[in-house]
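Visitor: I am new to this structure and would like to be guided through it. May I see it before I put my questions?

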Amino acid sequence: MTTPGFGAFSSAVARAMAEVRRQHCQPPTYRPTETQRGTIRCTRCGGNLTYSASAIDGRTTGRCSSAGCLKWSD
Ligand SMILES: [Zn+2]
């Protein structure tokens with residue numbers, strides 16, 4: 001988690017990350033069989049949030065299309 005700050009912003013990041021993990025990082029491996037990319041609805045502004053989930057290590061990244069909105073890389 002590289003996003004600074006707390007409160008509504010970081011919890012929105014946490015929810016977005018959880019959504020990507022729920023879709024692609026399930027037990028027992030906690031990573032997709034092939035690297036996944038896609039979009040989900042941004043948990044902060046409702047816009048398009050582009051994400052990726054790595055097949056190599058299960059890391060996720062995400063970035064909202066709205067300027068200054070959600071962005072993470074774990
Ligand atoms: Zn957003």
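Visitor: Is Arg21 buried, partly exposed or exposed?
Guide: The model shown here is a predicted one. Arg21 has a relative accessible area of 31%. Buried would require under 20% and exposed over 50%, so Arg21 counts as partly exposed.

Visitor: With which residue does Asp74 form a salt bridge?
Guide: Asp74 lies in the segment after strand 4 (71-73), and its partner lies in helix 1, so the pair ties together parts that are 53 residues apart in sequence. The closest N and O atoms of the two are 2.4 Å apart. The partner of Asp74 is Arg21.

Visitor: How many salt bridges does a search of the whole structure find?
Guide: Side chains of opposite charge can pair when their charged atoms come close. One of the salt bridges is formed by Asp74 with Arg21, and another by Glu19 with Arg22. The side chains of Arg59 and Asp57 also meet in a salt bridge. For the whole structure, the number found is three.

Visitor: What separates Glu19 and Arg22 within helix 1?
Guide: Glu19 is partly exposed at 25% relative accessible area, whereas Arg22 is exposed at 52%. The closest N and O atoms of their salt bridge are 2.9 Å apart. The two residues are three residues apart in helix 1, which means that they are separated by about one helical turn.

Visitor: What is the N to O distance in the salt bridge of Arg59 and Asp57?
Guide: Arg59 is partly exposed, with a relative accessible area of 48%. Asp57 is also partly exposed, with a value of 44%. Their side chains meet in a salt bridge, N to O, at 3.3 Å.

Visitor: Which residues coordinate the zinc ion?
Guide: The donors follow the spacing C-x2-C-x18-C-x4-C along the chain. Each contributes its SG atom, at 2.3 Å from the zinc ion. The coordinating residues are Cys42, Cys45, Cys64 and Cys69.

Visitor: What arrangement do the four donor atoms around the zinc ion make?
Guide: The donor atoms subtend angles of 101 to 117 degrees. Four donors are assigned to this class if all angles lie between 85 and 135 degrees. The arrangement is therefore tetrahedral.

Visitor: Is Cys45 buried, partly exposed or exposed?
Guide: Cys45 is found in the loop between strand 1 and strand 2. Apart from residues up to four places away in sequence, Cys45 touches Cys64, Ser66 and Cys69. Cys42, another zinc donor, is buried at 4% relative accessible area. Cys45 has a relative accessible area of 42% and is partly exposed.

Visitor: Which helix gives the most to the largest nonpolar core?
Guide: This core has 15 residues, of which Leu49, Leu70 and Trp72 touch the most other members. At least two residues come from each of strand 2 (48-53) and a helix spanning 8-24. That helix supplies five residues, and the one that gives the most is helix 1.

Visitor: Which zinc-coordinating residues are in contact with Leu49?
Guide: The zinc ion is coordinated by Cys42, Cys45, Cys64 and Cys69. Leaving aside neighbours within four places in sequence, the contacts of Leu49 include Ala16, Ile40, Leu70 and Trp72. Also among them are the zinc donors Cys42 and Cys64.

Visitor: Which backbone oxygen does the side chain of Thr43 reach?
Guide: Thr43 is in the loop between strand 1 (36-41) and strand 2, and it counts as partly exposed at 27% relative accessibility. Not counting residues up to four places away in sequence, Thr43 touches Ala12, Arg15, Ala16 and Leu70. One of these is 31 residues away in sequence but 5.5 Å away in space, C-alpha to C-alpha. At 2.6 Å, the side chain of Thr43 reaches the backbone oxygen of Ala12.

Visitor: With the side chain of which residue does Thr60 share a polar contact?
Guide: Thr60 lies in strand 3 (residues 60-64) and is buried, with a relative accessible area of 0%. Beyond residues up to four places away in sequence, Thr60 touches residues including Met17, Val20, Ser52 and Ser73. The polar contact has a length of 3.0 Å and joins Thr60 to Trp72.

How values were computed
Residues numbered from 1 in each chain as written. Predicted model: local features only at pLDDT ≥ 70, side-chain atom pairs only at ≥ 80, totals over all residues. Heavy atoms only, no water. Donors = N, O, S within 2.8 Å, 3.2 Å for Na, K, Ca; no water. Tetrahedral: all angles 85-135°; square planar, octahedral: opposite > 155°, others 65-115°. Buried < 20%, exposed > 50% of the residue type's maximum accessible area, 1.4 Å probe, protein only. Core = buried A, V, L, I, M, F, W, Y, C linked by side-chain atoms within 4.5 Å. Helix = DSSP H or I, 4+ residues; strand = E, 2+ residues; numbered from the N terminus. Contact = heavy atoms within 4.5 Å. Salt bridge = Lys/Arg side-chain N within 4 Å of Asp/Glu carboxyl O. Polar contact = N/O pair within 3.5 Å; in protein donor to acceptor, adjacent residues only side chain to side chain.
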